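Let's take a walk through this structure together, strand by strand. Please keep the sequence and the 3D view open as you read.

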Amino acid sequence: MKNFFDIVLKKSEDWEHGHYENCQFNAIDFKALDLKGAKFIDCEFIDCDLSNLSLTGCTLQQIIFKNTKLQGIHFENVNPFGFECQFNDCLLRYSSFYQVNLQQSSFADCDLTESDFTESKAQGTAFVNCELAGALFENSDLRKANFENSTNLILDPSSNQIKGLQLNSAQLAGLLTKYQLTIKG
């Protein structure tokens with residue numbers, strides 16, 4: 001596997017399977033590329049499209065995704081060692097974080113519609129200003145997680161660890177959905 005350090009890639013034709021460290025990927029459509037087993041350490045993906053790719057065995061350590069499409073990605077297939085990603089203004093619809101340790105990760109201004117966080121370890125994770133319509137949180141560790149200004153959060157407090165969860169008062173109804181209450185005012 002080739003090693004690449006301190007480079008900026010702007011075309012998918014420049015992609016080679018390998019180990020990338022301190023690299024930046026700008027406006028690349030990765031959909032036709034094979035990323036299985038590739039290593040990314042301290043890299044940035046800006047305005048890229050990785051939708052529906054298999055990231056099986058990929059290493060993602062200290063990664064920043066900005067304005068990037070990551071729809072349908074199964075992050076549970078990524079190498080769990082050192083997994084750390086910051087997602088900023090990203091499209092993550094239908095992605096899966098099943099049993100993923102997200103404690104070193106964050107989400108800001110992201111669309112997480114229909115994403116699966118079942119059994120994820122998201123203690124202290126920020127989900128700030130995110131769209132969460134249909135996102136699934138089941139048996140997840142959400143202690144001290146921050147959901148400030150996120151919309152459409154629905155989760156069952158009896159099937160998730162939520163001590164210290166940070167919410168806005170408008171989000172409280174999403175914790176009571178299973179009781180089918182009518183909340184007015």
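The paragraphs below go through the sheets, two loop residues, the cysteines and a pocket. Please bear in mind that this is a predicted model.

A good place to begin is the sheet built from four strands. It is open, its strands follow the order S1-S3-S5-S7, and the pairing is parallel. Strand S1 (2-5) and strand S7 (59-61) are the edge strands, each pairing on one side only. From one strand to the next, the twist averages 10 degrees. Inside this sheet, look at strand S3 (residues 18-21) and strand S5 (residues 39-41): the two run parallel and are joined by three bridges. Which residue of S5 is the bridge partner of Glu21? The partner is Ile41.

Stay for a moment with edge strand S7, which contains Gln61. Is Gln61 buried or exposed? With a relative accessible area of 15%, Gln61 counts as buried, because the cut-off for that class is under 20%. If you would like a sense of distance, pick Ser158 as well: 97 residues separate Gln61 and Ser158 along the chain, and their C-alpha atoms are 32 Å apart.

Now move on to the other sheet. Here seven strands form an open sheet in the order S2-S4-S6-S8-S9-S10-S11, and the pairing is again described as parallel. Strand S2 (8-9) and strand S11 (126-128) stand at the edges; each has a single partner strand, so one side of each has no neighbour in the sheet.

The order can be followed pair by pair. Strand S6 (residues 44-46) pairs with S8 in the parallel sense, over three bridges. In that pairing, Phe45 has Phe65 of S8 as its bridge partner. S8 in turn pairs with strand S9 (residues 85-88), in the parallel sense and over four bridges. One residue to pick out here is Ile64, whose bridge partner in S9 is Gln86. S9 is then joined to strand S10 (residues 106-108) by three bridges, and these two strands run parallel. Gln86 turns up again in this pairing, standing opposite Ser106 in S10.

The faces of two of these strands deserve a look. Which residues of strand S8 (residues 63-66) lie on its covered face? They are Ile63 and Phe65, while Ile64 and Lys66 make up the uncovered face. In S9, Cys85 and Phe87 form the covered face, and Gln86 and Asn88 form the uncovered one. Put this beside the bridges: Phe65, the partner of Phe45, is on the covered face of S8, whereas Ile64, the partner of Gln86, is on the uncovered face of S8.

Next come two loop residues with a backbone feature that is easy to check. Asp47 lies in the loop between S6 and S7. Its phi is near 55 degrees, a positive value in a residue other than glycine. Asp47 is partly exposed, with a relative accessible area of 40%. Gln62 is found in the loop between S7 and S8. For Gln62, too, phi is near 55 degrees, and this residue is not a glycine either. Gln62 has a relative accessible area of 43% and is partly exposed.

What about the cysteines? How many disulfides does a search of the whole structure find? The search finds zero. Cys90 is in no disulfide, and the nearest cysteine sulfur, that of Cys110, is 4.8 Å away. Because a disulfide needs two cysteine sulfur atoms within 2.5 Å, this pair does not count as one. Cys130 is in no disulfide either; for Cys130 the nearest cysteine sulfur is that of Cys110, 4.8 Å away. Cys90 is buried, with a relative accessible area of 3%, and Cys130 is buried at 2%.

We finish at the largest pocket, which has a volume of about 220 Å³. Its lining is made up of Phe75, Glu76, Val78, Pro80, Gly82, Phe83, Tyr98, Gln99, Val100, Asn101, Gln104 and Lys121. How many of the lining residues are nonpolar, polar and charged? By class, six are nonpolar, four are polar and two are charged.

How values were computed. Residues numbered from 1 in each chain as written. Predicted model: local features only at pLDDT ≥ 70, side-chain atom pairs only at ≥ 80, totals over all residues. Heavy atoms only, no water. 1 Å grid on protein atoms, 1.4 Å probe; cavity = no way out; pocket = protein on both sides within 12 Å on 5 of 7 lines; lining within 4 Å. Points joined across faces, edges and corners; volume = space filled by probe spheres on them. Nonpolar A, V, L, I, M, F, W, Y, C, P; charged D, E, K, R; others polar. Buried < 20%, exposed > 50% of the residue type's maximum accessible area, 1.4 Å probe, protein only. Pairing = 2+ DSSP bridges. Axes fitted to C-alpha atoms, helices over the stretch in contact; angles between N-to-C directions.
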